[in-house]
Amino acid sequence: MRSADREDVAAQGDAGVAPGLDAAIERWFAARGQRPHDFQREVWAAMRAGESGLLHATTGSGKTLAVWLGALARCGSLLRLPDHGADQAAAAPEVHGHRPAPRPGPGLQVLWLTPMRALAADTTRALAEPLAALQPTLPASFTVAQRTGDTPTAERARQDRRPPTALVTTPESLTLMLTRENARADLQGVHTVIVDEWHELIGNKRGVQVQLALARLRRWHPQLVVWGLSATLGNLEEAMATLVGTGSARRDEGAAEPGRTPAPAQPPATAAPRLVRGRLDKTLVVDTLLPHEPGRFSWGGHLGAQMLPAVVQALAEGEGTALVFTNVRSQAEIWYQLILAARPDWAGLVALHHGSLDRSVREWVEAGLKAGTLKAVVATSSLDLGVDFLPVARVLQIGSTKGVARLLQRAGRSGHAPGRPSRITLVPTNTLELVEAVAARRAALAGQVESRTSPDKPLDVLVQHLVTVALGGGFTADAKVGGGFTADAKVGGGFTADAKAGGGFTADASAGGGFTSDELFDEVRTAPAYATLTREEFNWALAFVECGGESLGAYPEYQRVKLVDGVYRVPDRGIALRHRLQVGTIVGEASMLVKWASAGAGGGATLGTIEEGFIARLKAGDHFVFGGRVLEFVRVRDLVAYVRRPTGKARGIVPAWAGSRMPFSSELADAVLAVLDGVEQGDLFDPELQAARAMLEAQRRVSRLPGRGQLLVESLASREGSHFFFYPFAGRNVHLGLAQLLAWRLSRRVPNTFSLAINDYGLEVLAAKPVELDDAALAALFEPRDLDSDVLASLNSGELAQRRFREIARVAGLVFSGYPGAPKSARQLQASSSLFFEVFRKYDRGNRLLGQAEAEVLAQELELGRLRATLKRMAALPLARVQLRSASPFALPLMVERLREQLTTERLKDRLERLLAEAEAAAAEGADGGRAATRPRRRGGAGTAASSRTNEDRADEPPAP
């Protein structure tokens, strides 16, 4: 490793490092033949000084060591204080205007949050290695341990009796720790929190859960130091502010309620957080396996089987272990089968890894990766994150990565060490993905990484958090500690009413029968996700956990928090148990275990889990693919699917897991459009573009190439009706809402029947009756006014909102998923959530969870913000209209998407052969000098294009031959 001179380290030694720790760190690096990077030194110095921040560094560059050794340096810095007491702390020198916290005593001091519990063991081992060498410079009792859902009960009990100094855990386990009555006593000694892979958390409700937990910890320890780690973020300043709380609205001036003095803001650990960039010069190789015959026409999965020989050859020629990434579990199952069918001699050398496999299977695969005993591992995002897999020399990506950040993340799994190149080889499953490969490579090398933002004040997470806080210890307001909460051993739990001090929760009829708590409201608003939370919204959430809102007040089980002896707490042990059992925001489809059928009552070994909805469609004797093998379904008993090996050779269907489609990013879509603009100017120099040349030239002959400076709209008349193909490049989610919107607006002009198809590049609207659209009529379709109401009117918004409400009801604690060993079925959970949905709609229209469900449908499933921007862009772009005689290379994939939903495999094959024959004939005629009728028209100034990719592989079908 390169670094500053040793003298620089010695000069920094007086900044707060425990005596001997800095020299011990240098000796430890030297023993490994390395030297610290400058960015690592910068992090150590910042953490010693009590600064929070974000470290954004290249994968494999040493981020873990940077913050871990910084945490140890902070521990040593705090231990130099003469005593634990407030008097001695007050006498200590100030750091950035704030006095350091009292010297830590025994107990938990450092929390390391990881987004995946599967990473906890690897992370713990990675932290333990330098700790063993540095132990002589630290307290003898300094230990590191892990605590996740996989931690045995006995180990948790040992940790409760003798807490480790540092704990590796997950957001869910940390929240569970906050539900203890003695939560403050257990956690108030935590002075440093490290959030690993922050980019995986910031954009979802788990990240909001982390924000609320950090707000609690800051209440107890105002000088809390928080650091995030990431390698793939575009909006670094915003991501850092979201993590450390900078810029959150604690209380706007003049915003205090009448008769109330605003509570003083909690001082941050430093005047400003520190953004450290650790990008190193690391070779990134992004290449592509080129298909032998890409052809002029292609669709989702078209090249899949054709690419198998090239994939097998790449694996055979490669040295070390290769990771073969797919985007969905069903695709991983398919490719694992294909590779073994092509090379049966690789049995035992090729493995499968995804989140539905049993933990013992995944651990065996991970051990083989670390040892370098496997030839290849076919995996999903379950291996996107993790500590070093040094033997991995190469990564193959089947299909599109859908985003620049994911490409960089997966590429970093290879050469995961300083100085080693990272290589990712893209395997296109259709010809359009050759164009995307060029775009992804250019965007990655240019550092055009996607931004991620936090959800905006999800009330279901807030409702859950309020119950957590009610369970998590007793607090009284005490003005002497700056308006915070102080522990009161006499209370033992919940909140105490103290109107004089303005703290805790007090009953107040004027607040709608809920609670009032200035301090808790202020605390929640220090979490940036809730910076705009109003007091009215907060009071509604408090009233909801106290009495169940307007419609559930008669049911005791929904009166979760009550005033008992002046303290707001959760008095019902059953409610407390149910809350602790389902703390968290991860809500997936109901799943069941898959076990071997055997004579024993409990069945044989567990293979993994599979979604209940898939098993419900099977009957005894059906075959399906799971865990890399074909299984015969036997029966379901007690939410366990029992299977056996089929007799003879059998083919099975591949399960389709919910939530399998990944969104296509704006950054990658813009890069694709830029590549197409270059092709229009003659830029065909990349080998991928040479391979796709026949398709691109066919598109230019029979139509036009989409680009950033125009909106391409193709029309086609067929026996099915009038086809309109639009290419906004905004991604599947946006195109779903856009297709529904355009069809609904067309139907208002003339009643008609419409069929729709979408992919990441464009959308098809097929009208059963002929439709004539002039430019003015098209302009009216793109009008962004009244978008919200039109989108809701065009969709089955009630069904979409009800489906989204199932997740919200689970997070908010309305629906209980069952006790260990006795989970509720998906049908029971759906029925329960649907009942709440209908009750709230009829009797509690003001229930804010209903509004949240509708807002999440628009914001997340349909990406309303991008949809609005897309409509504006479509209205401003010059219009290029093309009347087709047969499907163009860009239109054919959309037609195939639609036909797949309507036809059997046999009928689809016949229809596809006819469509291909017509298209090839038109393309050949164009090559002889003909050209489609094109009418470019300008309807306003030029604009920039939106986003998207090509048609995506079907998650439930093998690649078509």
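**Strands 5 and 6, side by side in a predicted model.** In this predicted model, strand 5 (residues 192-195) and strand 6 (residues 225-230) run parallel and are joined by four bridges. For a residue-level look at the pairing, find V193: it stands opposite V226 in strand 6. Strands of a sheet pair through backbone hydrogen bonds, either parallel or antiparallel.

**The whole seven-stranded sheet.** Zooming out from that pair, we get an open sheet with strand order 3-4-2-5-6-1-7 and parallel pairing. Strand 3 (144-147) and strand 7 (274-278) sit at the edges, each pairing on one side only. From one strand to the next, the twist averages 15°.

**Two helices against the sheet.** Helix 3 lies across strands 1, 5, 6 and 7, and runs at about 160° to strand 7. Helix 6 (residues 120-134) also packs on the sheet, where it touches strand 2 (110-113), strand 3 and strand 4 (166-169). The direction of helix 6 makes about 175° with that of strand 3.

**E51, tucked into a loop.** Look between helix 3 (38-48) and strand 1 (53-57) and you'll find E51 in the connecting loop. E51 counts as buried because its relative accessibility is 6%, under the 20% cut-off. Its side chain makes a polar contact with the side chain of R274, at 3.0 Å.

**The largest nonpolar core, seen around V435.** This core has 72 residues, and V377, V435 and L696 have the most contacts inside it. Helix 16 (residues 432-445) supplies the largest share, nine residues. Apart from this core lies another, of 45 residues, including L459, V461, L471 and L520. Back at V435, and skipping neighbours within four places in sequence, the contacts are V672, V675, L676, L689, A692, M695 and L696. In soluble globular proteins, nonpolar side chains tend to be buried together.

**Q582 and its distant partners in sequence.** Q582 lies in the loop between helix 20 (573-581) and strand 21 (591-596). With a relative accessibility of 8%, Q582 is another residue that counts as buried. Leaving out neighbours within four places in sequence, Q582 is in contact with Q464, R810, G813, V815, F816 and S817. Take S817: Q582 and S817 are 235 residues apart along the chain, yet their C-alpha atoms are separated by 7.5 Å. V815 takes part through its backbone oxygen, which lies 2.9 Å from a polar atom of the Q582 side chain.

Notes: Residues are numbered from 1 along each chain as its sequence is written. This is a predicted model: local features need pLDDT of at least 70, side-chain atom pairs count only at pLDDT 80 or more; totals for chains, interfaces and linings use all residues. Side-chain values use heavy atoms; hydrogens and water are left out. Buried means under 20% relative accessible area, exposed over 50%, partly exposed in between (1.4 Å probe, protein chains only). A polar contact is a pair of N or O atoms within 3.5 Å; within protein, one must be able to donate a hydrogen and the other to accept it, and residues adjacent in sequence count only if both atoms are side-chain atoms. A nonpolar core is a set of buried Ala, Val, Leu, Ile, Met, Phe, Trp, Tyr and Cys residues joined through side-chain atoms within 4.5 Å. Contact means heavy atoms within 4.5 Å. Two strands pair if DSSP finds at least two bridges between them. Axes are lines fitted to C-alpha atoms, for helices over the stretch in contact, and angles run from 0 to 180 degrees between N-to-C directions.
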